[in-house]
Amino acid sequence: MVVDPRGFRRQARWSAAGAVAVAVALVLGVSIGAVGIAPARTLAELADHLPFVDLDSGLSSRQAAIVWELRAPRVVVALLVGSMLAVAGASYQGVFRNPLADPYLLGAAAGAGLGATASIVAGASAHGGLLDPVPLAAFVGALGAVAAAYVLGAAGQGGRATATLVLAGVAVASFLTAAQTFLQQRNAESIREIYSWLLGRLGTATWQEVALLVPYWALTMAVLVAHGRSLDVLAVGDAEATSLGLATNRVRIVVVVAASLATAAAVAATGLIGFVGIVVPHALRLGAGTSFRRLLPLCVLFGGAFLALADLVARTALAPGEIPIGVVTAAVGAPFFIVVLRTTRVSIR
């Protein structure tokens, strides 16, 4: 195996930059708010909760509660969800060989939203743990939506070409959104709880939600990052990938299931937050390269940092009011999507 020293150094630099971005997002997210807290004291308070660490942050009990009980879980949830959406988006782009694919465009988010809505309407609520009914119902909806988009795209003229697949995803998402709206209309008593996460609801994040997300995050990130090299091989085409010994059908199934699970858990926990799966992977490709083996680990870091910083803007731009996090990511992502669409227009048939 030949190691590229320049590629290794570039990857190391980008990984270090990603770690710094996560640290900055964490400290700023916990320090900035209606009650400003010095970053050094914030770090001391967070470190004081680590095992075998005993530090005096100098914060009052009220300030300590703000740091640890209100802001810290919100930032951690944003880091986890941002990672899952960014890696899921990059994985969909690789497995479908489609630069425009992301959890939102392919209908996975709408399917997860419908599943979570149906679960809430049925009386389920988040209680923590891997078998929580809300993310499990969202997972079924997400997987069904992606499968439907994939089948419709393959049946259309041109197979799974970019335009066909995107249009199939839009059609599936529109239908599932209509079904979700119908459920909301028929169950007005649950509409407040549904809308609390429909527009993105990081403001209600607790350590219980962190405990709910961590198993999903660990499982899906490990599976998707481990398939980075397979996605690189898949990029050359099915025939060539098969001749190189890659089980293309198995790779597609595993990646789609893992990416759909990541999307489902993210949607169930925080609502529909779009464009993260488009913005982060494409921004990283500009500087870090197109190899999925290198791209996916960076999406874990930069995806989390992006959403945590977007949440910081959401809760401070109109303070004491708060902008839904989905509005902030859309404000960044929609213009970015137009740029991506223009740069890939030649490949669309």
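Biologist: Quick one to start: what does Trp207 count as in terms of relative accessibility?
Modeller: Trp207 counts as partly exposed, at 29% relative accessibility. Keep in mind that this is a predicted model.

Biologist: And Trp68, what's its relative accessible area?
Modeller: That one comes out at 22%, so Trp68 is partly exposed too. The cut-off for buried is under 20%.

Biologist: OK, switching to rings. How many aromatic pairs are there?
Modeller: The count is four. One of them is Trp68 with Trp207, a tilted pair with 4.7 Å centre to centre and 35 degrees between the planes.

Biologist: Which parts does that pair tie together?
Modeller: Two helices. Trp68 sits in H3, residues 61-95, while Trp207 belongs to H8, residues 207-226, so the contact bridges parts 139 residues apart in sequence.

Biologist: What about Phe96 and Tyr150, how are their rings arranged?
Modeller: Tilted: the centres are 5.3 Å from each other and the planes make an angle of 40 degrees. Phe96 is in the loop between H3 and helix H4 (108-121) and Tyr150 is in helix H5 (residues 133-155), so this pair joins parts 54 residues apart in sequence.

Biologist: Which accessibility class does Phe96 fall in?
Modeller: Buried, because its relative accessibility is 7%. Its partner Tyr150 is partly exposed at 23%.

Biologist: Which residues do ring pairs link into a cluster there?
Modeller: Tyr92, Phe96 and Tyr150.

Biologist: New topic: cavities. How many of 30 Å³ or more turn up in the whole structure?
Modeller: One. The largest cavity holds about 60 Å³ of space.

Biologist: Which residues line the largest cavity?
Modeller: Among them are Leu85, Asp102, Pro103, Tyr104 and Ala109, plus Val267 and a run of neighbours in the numbering: Leu272, Ile273, Gly274, Phe275, Val276 and Gly277.

Biologist: And how does that lining divide by residue type?
Modeller: Nine nonpolar, two polar and one charged. Asp counts as charged and Gly as polar, so the charged one is Asp102 and the polar ones are Gly274 and Gly277.

Biologist: Last thing: where does H13 bend?
Modeller: At Cys299, by about 35 degrees. The helix covers residues 292-316, 25 in total, and spans 35 Å from first to last C-alpha, close to the 36 Å expected at 1.5 Å a residue.

Biologist: How many of the residues of H13 are buried?
Modeller: 19 of the 25, so H13 is largely enclosed by the rest of the structure.

How values were computed: Residues numbered from 1 in each chain as written. Predicted model: local features only at pLDDT ≥ 70, side-chain atom pairs only at ≥ 80, totals over all residues. Heavy atoms only, no water. Phe/Tyr/Trp six-rings, centres within 6.5 Å; stacked < 30°, edge-to-face > 60°. Helix = DSSP H or I, 4+ residues; strand = E, 2+ residues; numbered from the N terminus. Buried < 20%, exposed > 50% of the residue type's maximum accessible area, 1.4 Å probe, protein only. 1 Å grid on protein atoms, 1.4 Å probe; cavity = no way out; pocket = protein on both sides within 12 Å on 5 of 7 lines; lining within 4 Å. Points joined across faces, edges and corners; volume = space filled by probe spheres on them. Expected span 1.5 Å × (residues − 1). Bend = angle between axes of the 7 residues up to and from the residue.
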